[in-house]
Amino acid sequence: MKPKKQQRKRHVLLHIGVTEQVANELKRIAEKQGRTVTELAREAFAKIIREYECADRHE
């Protein structure tokens, strides 16, 4: 019998805590843009990672 091929994880669930004010602002922005808070968070984290990687390259 063939061994099972290891499957790649598609995502990892990340739980973060924010203040009620931040949560409300994110919900308001998401609603105004017709997006979800999760989509906004993914975009924000991707931007932070890109900026961090660019800063590392310039050092």
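The mean positions of the 14 positive and 9 negative charges of the protein chain lie 13 Å apart in this predicted model, where Lys and Arg count as positive and Asp and Glu as negative, His and the chain ends being left uncounted, and where each charge is placed at NZ of Lys, CZ of Arg, CG of Asp or CD of Glu. Because the model is predicted, local features need pLDDT of at least 70 and side-chain atom pairs count only at pLDDT 80 or more, whereas totals for chains, interfaces and linings use all residues. Residues are numbered from 1 along each chain as its sequence is written, and side-chain values use heavy atoms, without hydrogens and water.

The protein chain has 2 helices and 0 strands, assigned as DSSP runs (H or I, at least four residues, for helices; E, at least two, for strands) and numbered from the N terminus. Its radius of gyration is 17 Å, well over the 10 Å that the globule rule gives for 59 residues, so the chain is more spread out than a compact globule; the radius is taken over C-alpha atoms, and the rule is 2.2 Å times the number of residues to the power 0.38. Of the 59 residues, 3% count as buried, that is, under 20% relative accessible area (exposed is over 50%, partly exposed in between; 1.4 Å probe, protein chains only).

Val18 lies in the segment before H1 and is partly exposed, with a relative accessible area of 43%.
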